Amino acid sequence: MSEMTYLQAISDGLREEMRRDEAVFCLGEDIGAFGGAFKVTDGFIEEFGADRVLDTPLAENMIVGASIGAAIEGMKPVAEMQFADFIACGFDQLVNVAGKLHYRQGVSVPMVVRLPSGGGFSGGPFHSQNPEAWFMQSPGLKVVAPATAEDAKGLLVSAIRDPNPVCYLEHKGLYRHVKGEVPEGDHAVPLGDARVAREGGELSVIAYGSSVPLALQAADELDEDIEVIDLRTLNPLDEDAILASVEKTGKVLIAHEATRSCGVGAEVASLVSERAFESLDAPIRRLTAPDVPIPFSPPLEQAVLPQLDDMKEACRELIAY
Amino acid sequence: MKLEAASAARLPERAGTDALTRDDRALLLRYMLLMRLSEERGLTLYKQGKVPGSFYDGRGQEAISVGAAFTLGPRDRMCILHRDLGAHFVRGVTPDRYLANYMGREDGVTGGKDGNMHFGDRELGCVGMVSMLPDMAQVAAGMALSFKMRSEPRVAMTFFGEGSTANGQWHEAMNFAGVHRLPVVFVLENNRFAYSTPTDLEFAVDPVQRAKSYGFPGVSVDGNDVEAVFELARVATERAREGDGPTLIECHTMRMHGHGAHDDMSYVPDEVLEEWSQRDPIELYERRLGDEHGFEATEIDEIRGSVAAYIDECAERAVASPMPDPGVASDGVFAESWQALGDGEAPWSRWSAPADQGEANGNGSRPTNGHRGAVLEHGRAA
């Protein structure tokens with residue numbers, strides 16, 4: 001084990017896989033000599049060469065489309081969207097080609113799209129989005145969103161080894177603020193398994209990505225018997241882990257930074273109401289961004305993104321219910 | 001023929017090639033007829049109410065998909081579009097599977113998961129199209145990228161209509177292919193209309209001229225001349241295989257039917273259809289086989305007859321194929337494991353050369369005569 005940041009863990013996982021398997025290569029904008037906008041591939045071009053750390057033209061559909069073609073032919077591309085927001089420009093290839101090829105024709109597409117997501121740093125409406133629900137509405141795409149350094153590495157490794165297109169959401173706010181012990185060498189965390197991040201008996205906070213550390217901090221500061229479930233994978237969703245926690249606590253808060261309507265929270269709430277209704281002791285609650293673009297100015301952005309106090313208040317209200 | 005020397009604006013009167021044997025020429029005719037007669041049969045099935053949705057064919061464009069696909073070796077790959085049924089047949093799809101696919105049957109290429117021309121047989125090295133155009137140009141570029149990264153002398157080929165060239169993804173694919181000199185052949189079928197929109201509302205400059213700005217050759221050819229298409233595609237695939245990068249081949253043709261069977265083409269002037277009906281690619285080729293290559297009329301009649309009989313058999317099989325079990329509708333969204341695409345049939349005589357020669361050609365991993373499948377065997381038996 002060695003301590004590293006979430007960002008270093010992503011780099012470490014990617015580097016390990018590129019060393020292990022020659023079919024793995026990266027492509028994206030400014031990932032080569034510059035090392036990527038967030039430096040995830042810093043130093044990669046020196047180790048792996050320009051062919052495997054491929055700077056692409058500014059053309060997101062091409063990045064995804066070329067990844068699909070290469071994946072079909074046995075390569076394992078890891079495509080970087082410079083910001084998750086830019087997948088909007090590559091969305092057609094992702095949802096219409098990558099996501100449907102296996103269903104339609106039995107053609108597997110083993111590729112990863114890395115998506116630096118999330119706000120909190122005045123990135124404004126086009127550098128702060130959390131687009132995970134877009135992918136969940138599109139059959140054929142797996143979706144992962146790690147919250148810890150260990151999972152950042154382990155889920156990326158599993159995503160690269162998976163024979164399907166995987167959207168890997170890496171929250172920019174966690175890049176340098178989250179640190180942890182990460183296994184060295186080969187470390188894979190299976191897709192589809194949630195994690196109990198904190199055990200408790202009174203309330204289940206079901207979260208992923210940046211909302212996990214927020215929930216853990218709130219639980220610690222409140223000093224209440226709160227369980228925090230870190231979903232880790234959003235598709236396939238670990239339904240058993242969600243239901244087991246709800247059956248234990250009877251109260252549910254679903255927390256994510258992404259906007260509210262038709263988000264992951266809505267899906268989890270439906271699951272709980274359909275399958276664990278009789279375990280509920282309180283209405284299901286969601287803590288999310290409202291359905292607005294992420295604004296630029298700090299006080300406006302803070303007003304939109306869920307804050308620690310919001311999390312604490314939501315937990316308190318549910319515990320008191 | 002040197003591509004650089006060919007003028008983008010000029011249509012060659014006709015092209016000759018010494019790369020084709022007499023058997024190859026019979027096959028070119030046979031594949032074009034397979035496409036024509038299969039589509040005629042499909043249209044009949046549509047009119048009988050056996051085809052859900054609409055029906056799309058490539059009448060008048062048979063020379064393009066057949067001539068271009070005929071150049072490919074087994075390990076080359078294709079993304080085939082909706083006017084290109086002939087390419088599927090060249091690679092080894094049989095008409096029964098095509099017709100069954102149109103009818104949504106279990107034995108269709110996609111087993112009912114997708115319809116009409118939205119199929120590709122992965123076992124034959126093909127990736128089927130999506131409706132968004134020209135998305136497959138990006139996928140073909142990606143396949144070509146993998147060939148280049150692994151230094152494999154293989155080629156990806158894809159098709160698109162002139163309408164697709166207005167979409168930004170066309171630019172993205174051309175630009176990327178040009179930047180990396182990818183081994184990809186882009187076949188542009190300029191059939192005069194994007195659904196109902198004529199070319200003068202599609203672009204101000206003929207798209208073949210844009211190839212130069214992407215750093216690779218663009219050449220125009222008479223798309224109704226199967227040997228001319230073959231010859232340009234042959235040069236383009238060789239260029240690609242030798243590491244000289246992509247080529248854009250614009251095939252001038254005319255879509256002789258509507259966009260789909262629901263489209264009466266009222267927007268096309270009668271004289272245009274009349275003019276192009278005089279240039280039917282199959283009739284032109286039958287005449288040339290007689291005039292220049294010593295084919296007897298009876299020989300051509302025999303080819304026509306055997307294709308027609310084969311399609312009768314195939315149509316029977318397709319109609320007899322059951323509808324899929326509704327239970328499979330939710331199967332197969334995700335792959336359990338990665339599987340390589342299979343290799344396509346490669347009926348051009350070049351690929352039936354002795355194995356060692358195949359290796360020398362740089363594309364041969366399969367033994368001789370392994371590239372000729374059911375479609376051809378039927379032709380031989382007949």
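1. Starting with the interface: chain A puts 31 residues in contact with 36 residues of chain B. Bear in mind throughout that this is a predicted model.

2. On the chain A side of that contact, three helices each supply at least two residues: α3 (60-72), α4 (91-98) and α5 (101-105). The top contributor is α3(A), which gives nine residues to the side touching chain B. If you sort that side of chain A by class, you get 14 nonpolar, 13 polar and four charged residues.

3. Now the interior. The largest nonpolar core runs to 209 residues, and those with the most contacts inside it include V113(A) from one chain and M32(B), A140(B) and A141(B) from the other. V229(B) and I249(B) belong to that group too. Helix α1 (residues 22-47) of chain B gives the most to this core, with 10 residues. Chain A is represented through both of its domains, as domain 1 (2-182) and domain 2 (195-320) each provide at least three residues.

4. I249(B) deserves a look of its own. Leaving aside residues up to four places away in sequence, I249(B) touches V185(B), F186(B), V187(B) and L188(B), along with V219(B) and V221(B). Its other contacts on that count are L232(B), A233(B) and A236(B).

5. One last spot to check is D280(B), in the loop between α9 (270-277) and α10 (281-293) of chain B. It counts as partly exposed because it has 18 C-beta neighbours inside 10 Å, whereas a buried residue would need 20 or more. D280(B) and D18(B) sit 262 residues apart in sequence, with 23 Å between their C-alpha atoms.

Methods: Residues are numbered from 1 along each chain as its sequence is written. Chains are lettered from A and ligands numbered from 1 in the order in which they are written. This is a predicted model: local features need pLDDT of at least 70, side-chain atom pairs count only at pLDDT 80 or more; totals for chains, interfaces and linings use all residues. Two residues are in contact if their C-beta atoms, placed from the backbone, lie within 7 Å. Helices (H or I, at least four residues) and strands (E, at least two) are DSSP runs, numbered from the N terminus. Ala, Val, Leu, Ile, Met, Phe, Trp, Tyr, Cys and Pro count as nonpolar, Asp, Glu, Lys and Arg as charged, and the others, Gly among them, as polar. A residue is buried if 20 or more other C-beta atoms lie within 10 Å of its own, exposed if 12 or fewer, and partly exposed in between; C-beta atoms are placed from the backbone. A nonpolar core is a set of buried Ala, Val, Leu, Ile, Met, Phe, Trp, Tyr and Cys residues joined through C-beta atoms within 7 Å. Domain bounds come from an automatic or database domain assignment.
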